[in-house]
Structures are given as structure tokens and as C-alpha cells.
Amino acid sequence: MLLVTGILSFASTSASAVIGYVGIQLSVYNGYVNFCTEYKLDRTVGQSYYSSGNINSCTGNENEIMVKISCVGQSIETKTLSKGNTKNWTTEAAKICTRYNLQVKNNVLSPCTSTHSGVWTHN
């Protein structure tokens, strides 16, 4: 019984919040789209974002994206991702704030929208 309790305690303290996004339409001309606001519970771990893909609606090309995690009073680096890439934020700024906004934009200046899917892991 004690062993099971210990394993469950470890699992709950190391759990991450994982949010998947499918078919999100990104704006024309590199405008950021706010995906959501999330709250971190564990201020000792960083965050990551995985890009499943981003298809330009006019050309059908696979475009890179730029991902920004914003928090009032914190400067957090913007990352560029191509399809199948994961980027990590491990700085103190990415760990200590408790309320974050995830923002994503097409990395190509285009009059067309694009459709993006990806996964944000935080906690």
C-alpha cells in the first residue's frame, strides 16, 4: 500500500498539462492568433510546443510558425518551428509566471491564411 501511494504521489507531481490544437486558422500577414490562456501549477518546470504542421490556404505549402508564450512582466523568447519540430522554453521567465497566453503566427508574409495543428505542454 505504501509503495502504491508513493508511486501515485510521484506521478501526480511530475504530471504535465498537455493541450492539443487541431485545424486552427492563422491570420494573414503574420498576425498573431491567441490560442488560449493557461495557468501553471508547477513553477519549477519549463514549457514546450510541438508543431504538427501549418498549411498555407492558397499555395498548399507547409509553412513554419512562430510561437510566443507571453506573460505580463516577463520576457520570453519567441521560437520558430517547422513541421515535426518541438521547441522548449526552460528559462526562469517560462517557469515562474502562473498565467500564460499562447500566441502563434504564420512565419510567411502572405495574404492567405494557414491551418495549423500543434501541442503545447506546460505545468
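**View 1. I65 of strand 4 faces its partner in strand 5.** In this predicted model, I65 stands opposite L81, a residue of strand 5. Strand 5 covers 79–81. Three bridges hold the pairing of strand 4 with strand 5, and its sense is antiparallel. Strand 4 itself spans residues 65–70.

**View 2. Strand 4 also pairs with strand 7.** Here six bridges make the link, again in an antiparallel run. One facing pair to pick out is V67 with V104; V104 belongs to strand 7. Strand 7 covers residues 99–106.

**View 3. Strand 2 pairs with strand 7.** Strand 2 takes in residues 33–39. Six bridges join strand 2 to strand 7, and the two run antiparallel. Within this pairing, N34 is found opposite Q103 of strand 7.

**View 4. The four strands make one open sheet.** Their order is 2-7-4-5, with antiparallel pairing. Strand 2 and strand 5 are the edges, and each of them pairs on one side only. From one strand to the next, the twist averages 25°. In a regular strand, side chains alternate between the two faces of the sheet.

**View 5. Strand 7 is largely enclosed.** Why is strand 7 described as largely enclosed by the rest of the structure? Six of its eight residues are buried, so the rest of the structure largely encloses strand 7. Buried here means under 20% relative accessible area.

**View 6. Two loop residues, L109 and S110, follow strand 7.** L109 sits in the loop that links strand 7 to strand 8, the latter covering 114–122. S110 has its place in the loop between strand 7 and strand 8. Are these residues buried or exposed? L109 has a relative accessible area of 65%, so it counts as exposed, because the cut-off for exposed is over 50%. S110 has a value of 8% and is buried. That figure falls under the 20% limit for buried.

**View 7. S110 touches residues outside its own stretch of sequence.** Which residues does S110 contact, apart from neighbours within four places in sequence? They are V28, Y29, N30 and N56.

**View 8. L109 belongs to a nonpolar surface patch.** The patch is formed by L109 together with V28 and Y29. Their accessible area comes to about 320 Å² together. V28 and Y29 thus appear in two views: they are patch members with L109, and they are among the contacts of S110. L109 is exposed, whereas S110 is buried.

Terms used. Residues are numbered from 1 along each chain as its sequence is written. This is a predicted model: local features need pLDDT of at least 70, side-chain atom pairs count only at pLDDT 80 or more; totals for chains, interfaces and linings use all residues. Side-chain values use heavy atoms; hydrogens and water are left out. Patches are made of residues with over 30% relative accessible area and no salt bridge: like charges are joined within 9 Å, nonpolar side chains (Val, Leu, Ile, Met, Phe, Trp, Tyr) within 5 Å. Accessible areas come from the Shrake-Rupley method with a 1.4 Å probe; for residues, only the protein chains shown count as cover. A salt bridge is a side-chain nitrogen of Lys or Arg within 4 Å of a carboxyl oxygen of Asp or Glu. Buried means under 20% relative accessible area, exposed over 50%, partly exposed in between (1.4 Å probe, protein chains only). Two strands pair if DSSP finds at least two bridges between them. Contact means heavy atoms within 4.5 Å. Axes are lines fitted to C-alpha atoms, for helices over the stretch in contact, and angles run from 0 to 180 degrees between N-to-C directions.
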